[in-house]
Amino acid sequence: MKKKDPDLLLFHAPLLRQGMTTPKAMLDVLYALLPATAASLWFFGLSALLILGSCIAGAVLAEWLFADREARSESLRDASGVLTGLLLGLTLPPGLPMWMAFLGGFVAISLGKVIWGGLGHNLFNPALLGRAFLLATFPIAMTTWVAPGGDGFASVYTSNLALPFMQAQVDAVTSATPLGMLKFDQEVTPLANLMFGKTGGSLGETSGLLLLLGGIYLWLRRDLDWRIPVSILLTVVIFCAVLSLFDATRFPTPLFSVFSGGLLLGAIYMATDPVTSPVTPRGAWIFGIGVGVLVMLIRVFGGLPEGVMYAILLMNAATPLIDRYTQPRVFGRGVDSP
Amino acid sequence: MKSLRLLRRNFEHGVHPAHHKNQTEDLPIQRVPFVRDYVMPLGQHIGVPSQPVVAAGERVLRGQLIAEPGGFVSTGLHSPVTGTVREIGDFRGVDGGFAPAIGIEADAFATQQVEAGAGTDWQSLSLESFIEAVQMAGIVGMGGAAFPAHVKLSVPDGVRIKHLLVNGAECEPYLTNDHRLMLERPEALLEGAEIVRQKLGAEETVIGIEANKPDAIEIIRQHIPPGQPVRVVPLKVKYPQGAEKMMIKSVFGKEVPAGQLPRDVEVNVNNVGTIVAIADYFLRGMPLIERVLTVAGPGVTYPANLIVPLGTPVREVVRFCGGLKGDSREIIMGGPMMGRPIASLDVPVLKGCSGVLVFTKAETSRRKEYPCIRCGRCLEACPYFLNPSRFARLARARMFDDMKAFNIFDCVECGCCTFACPSNIPIVQLIRTAKDDLTHRKESDG
C-alpha cells in the first residue's frame, strides 16, 4: 500500500520564535503594577477599587465600541485597554467621582488611541492623555486630595458616588500632596512616608518602593527599556543636586524629588510605553533626559506642583523627531574602506 | 572551560534561539545506501547553470563530469552514481518550479567506487589552474549559499589575503553536519585549509567555531600539524555567528564595509564543508558528488547525520531515517532560520543543502499577528543595525523606494528580526517582497 505524502506547508523561515508576544508583554506590565494597585486598595480602601474599576470599564468600553465589528473580541484580548485604564486610574485622586474616572478611561482610549489608528499608532501616551483631559475639564476635583488611611477598607468617599455633572464637595479630610506642601507651604514630607506610601496623592503614586519593585520585574523580563527610567531619574537627581548647591533649603533634595509625586509611576510605567517613546537606544537617553529636565522645570519654576504628565506628553510629541535623528550606524557603513 | 569563555569573541546584536542540536550532535555520520533514481539540477549553485556534456542513454561513472561550467560564475557537475543518463530535461526543483536537470538511473550492479581515486599535485599548480580545478570539481560554498568556491578564491591583482577564515560556527539551530565533519575528519579539514592558505598566500588559518562545540575545538587543536599556522577561535554561541561578515567582526574586530567583500579586509571565508571538499578533490581525486547533511526536527522518526550522494530524492533520505511522523507539516532545506521550505518530497538533495528538517504542527501553526508596538526588539536583534520595524511598515504601505534609502539591500535576511518580534510580524517576508519589487522594477525599467 502506498502511503500518501503529508500535505506540506510552505511557511517562510524563520520557523523559530522567541516566546514573548505583545499580549504577554502587556500582561507583564499589569502584573508589575499589582503591588502598587494593592497598596492603593490598602491606603484608600474601596474608593480605589471604584476609581480603578471605572477607568478600566471606560477604557474597555471605548475599545469595544470603536473596534471593527469582526475584531471586537480580538481587540480586547491584547489587554492594552485594561492596562491604559489601570494606568490612568493610578494617576487619579482617590476622592474623584466615579463618572469622571469612567469618562477619563473612555477618552484615554478613544482620543488617545483609537483616533490615531489603534494600538501602535498613537503619538501620546493614552493614559496620560486621558488624565490631561480630566485635569483640563475638572480642575478642582482633579486637585483635591484626601489623606490615606481614612475609615478602613470598606469606607467610600461620598464624593466617589457623585452623579454626573453634579460636582460634589469632598467631605473627607483633605490633605495636600508632598509636592503641594513643598511648593505652597515650604513643608517637607519625611522620606520614609514617601517610600512606603503614607502620603496624600493619587492612587498609585504613594508607594515609591512598590513601584520600583514592579520596575525591576519588568526589567528582568526585558519588557522595558531600562535606559528611559534610569535617564529620567538620574536627570532629576542631578538637577536637584545642582539646585541644592545654590540653596539647600528652598529646593527639594534629590531623594525627595524621586520619591514624591508621580515621578516613579511616570518614569517606570508611562514614559517607557514603547509606542510613544523612541525605539533607538540613543533616542531613549535623550527622551529620558528631556522628561527629567521638564519635570524639574515645571516642579521648581512652574506654577504647578507636579509636572510629570506634561513632561512625558511633551517628550511624546518629540519622539518621531528623536527617532529620526538617532538611527544607529548601519553595520559596514561609515567605516573606512581599507 | 573558564579560559575558553574568556576567549569567546563576539559581534553586536543577534539572537539566541534554542539550538536543538542534541537530537543529532552525538550521532556519527552514516552513508545512505544508493537508490535507483538521481536528479542533478544544472543550476544548483548561484550563477550561470552548467552545460550538459552527456546525452540521454549514455553510460556514466560515479565522479564523471556530466556538465561543464556555463561561464565564470558556474561550476562543473559530476555524476553521483555509476549508471545511465535517462533524461536531460525539466524536473521539479526545490523552489517548486521546473528547472533543467540531468536524470540518472543507477546501475544496480555497480560497486559505486570512484574510479579516479588519485589526487592532484596541487603544490605545482599555478594559481590559475588551481582555481580552474576547483571550478571543474564542482565545489561550491557548502554552508547553504552554494556560491561557486573558485569565484571566492579568485582574488584580483593587488588584493592581499592575510587570513583564511574557516567557518565552523554552525549557528543555525538543529544542524550538526559541520560539527560532525569537524569531529570525524579533522585531518581532511586541516589539509584542505593548508592547501587554500598556501594558494591564497595567506599568513594564517583561523578556524572559528561556536563554543557549544568544545569537542570539535579540542579535536582540531590536537590535529594541527607542527608548523602549520592554524588558530582555532571559540566564538560566542549566538545567531548569526556564522554569517561571514559577523564572523569577521567577531574574530578580527573588523567591519567589512557595506557593499564590499571579506577580501577588502584581507580575509577569505570558507565553510568547513567547502574546505573538506577541496581536500577530497586535491588529495583523493573526489569531485563534489556527495555531501554531509543533518536530518532532524520534531517530525523525523530517527534523526541522523548522513553522507548523501547529490541528486538523491529527499523522499529516500527521509525514508532512510524511518520516515515522517504522522503530524509532519513542513520540510525545510537548510536551517530553520534561513532555510527554504520544499513543496514535494521528490526534490533532490543539492550541493547547498546542509539539512533536511521536518517540522510539525507546533512550529508551523499560523501565529496571530498583532500591531507593531515599536518595542524595538527587532532593532536590538538586527546584526546590521537596520530598522526592521520601519521596513515592515514601509513594505506594508508599498513604499519600496523609501526602503532603499534606509539601506534595505544591506539586509541579509538572517531572520533575527522576525524571530524577535513579539507581534509575529513577518518582517523578513515583507523585506523580501520589497527587494523583489525593487530589483524587478529596475530590470523592467532598465
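Reader: Where is G200(A) found in chain A?

Author: This is a predicted model. In it, G200(A) is found in the loop between α9 (191–196) and α10 (208–220) of chain A.

Reader: Why is G200(A) called buried?

Author: A residue is buried if 20 or more other C-beta atoms lie within 10 Å of its own. G200(A) has 24 other C-beta atoms within 10 Å, so it counts as buried.

Reader: How far apart are G200(A) and P94(A), in sequence and in space?

Author: In sequence, 106 residues separate G200(A) and P94(A). In space, their C-alpha atoms are 9.3 Å apart.

Reader: What makes D346(B) buried, exposed or partly exposed?

Author: The cut-offs are 20 or more neighbours for buried and 12 or fewer for exposed, with partly exposed in between. D346(B) has 15 C-beta neighbours inside 10 Å, so it counts as partly exposed. D346(B) sits in the loop between β16 and β17 (355–360) of chain B.

Reader: How do you know which residues D346(B) touches?

Author: Contact requires C-beta atoms within 7 Å. Not counting residues up to four places away in sequence, D346(B) touches R92(B), P313(B) and R315(B). Take R92(B): D346(B) is 254 residues from R92(B) along the chain, yet their C-alpha atoms are separated by 7.8 Å. That value is a C-alpha separation, whereas the contact rule uses C-beta atoms.

Reader: Why is helix α13 of chain A called largely enclosed?

Author: Count its buried residues. In α13(A), residues 263–270, 8 of the 8 are buried, so the helix is largely enclosed by the rest of the structure. They are L263(A), L264(A), L265(A), G266(A), A267(A), I268(A), Y269(A) and M270(A).

Reader: How does the reach of helix α11 of chain A fit the expected value?

Author: Helix α11(A), residues 227–246, has 20 residues. The expected span is 1.5 Å times one less than the number of residues, which gives 28 Å here. From first C-alpha to last, α11(A) reaches 29 Å, close to that value.

Reader: Which elements do the buried residues of α11(A) pack against?

Author: They pack against α10, α12 (254–259), α13 and α14 (281–301) of chain A. Among the buried residues of α11(A) are I228(A), L233(A), V236(A) and F239(A).

Reader: What makes β2 and β4 of chain B edge strands?

Author: Look at the order. The open sheet has 4 strands, β2-β8-β7-β4 of chain B, with antiparallel pairing. β2 (37–41) and β4 (59–60) each have a single partner strand, so one side of each is left without a neighbour in the sheet.

Reader: How do you know that β2(B) and β8(B) pair?

Author: Pairing needs at least two bridges. β2(B) and β8(B), residues 98–106, are joined by 5 bridges, so they pair, and they run antiparallel. One partnership links M40(B) to I102(B) in β8(B).

Reader: How many bridges join β3 and β5 of chain B?

Author: There are 2 bridges between β3(B), residues 51–52, and β5(B), residues 65–68. The cut-off is at least two, so they count as paired. The sense is antiparallel. Q51(B) has E68(B) as its bridge partner in β5(B). β5(B) also pairs with β6(B), residues 77–78, antiparallel and over 2 bridges. There, L65(B) partners H78(B).

Reader: Which residues touch the most other members of the largest nonpolar core?

Author: They are I278(B), V295(B), V317(B) and I427(B), in a core of 143 residues. Helix α8(B), residues 272–284, gives the largest share, 8 residues. The core draws at least three residues from each of domain 1 and domain 2 of chain B. V295(B) has contacts including V300(B), L306(B), V317(B) and V356(B), with neighbours within four places in sequence left aside.

Reader: What classes of residue make up the side of domain 1 of chain B that touches domain 2?

Author: In the contact, 10 residues of domain 1 meet 11 residues of domain 2. The domain 1 side has 8 nonpolar, 2 polar and no charged residues. The C-alpha centres of the two domains lie 28 Å apart.

Reader: How many residues does each chain give to the contact between chains A and B?

Author: Chain B gives 53 residues and chain A gives 37. On the chain B side, β15(B) supplies the largest share, 5 residues. By class, that side has 32 nonpolar, 13 polar and 8 charged residues.

Note on methods. Residues are numbered from 1 along each chain as its sequence is written. Chains are lettered from A and ligands numbered from 1 in the order in which they are written. This is a predicted model: local features need pLDDT of at least 70, side-chain atom pairs count only at pLDDT 80 or more; totals for chains, interfaces and linings use all residues. Two residues are in contact if their C-beta atoms, placed from the backbone, lie within 7 Å. Ala, Val, Leu, Ile, Met, Phe, Trp, Tyr, Cys and Pro count as nonpolar, Asp, Glu, Lys and Arg as charged, and the others, Gly among them, as polar. A nonpolar core is a set of buried Ala, Val, Leu, Ile, Met, Phe, Trp, Tyr and Cys residues joined through C-beta atoms within 7 Å. Domain bounds come from an automatic or database domain assignment.
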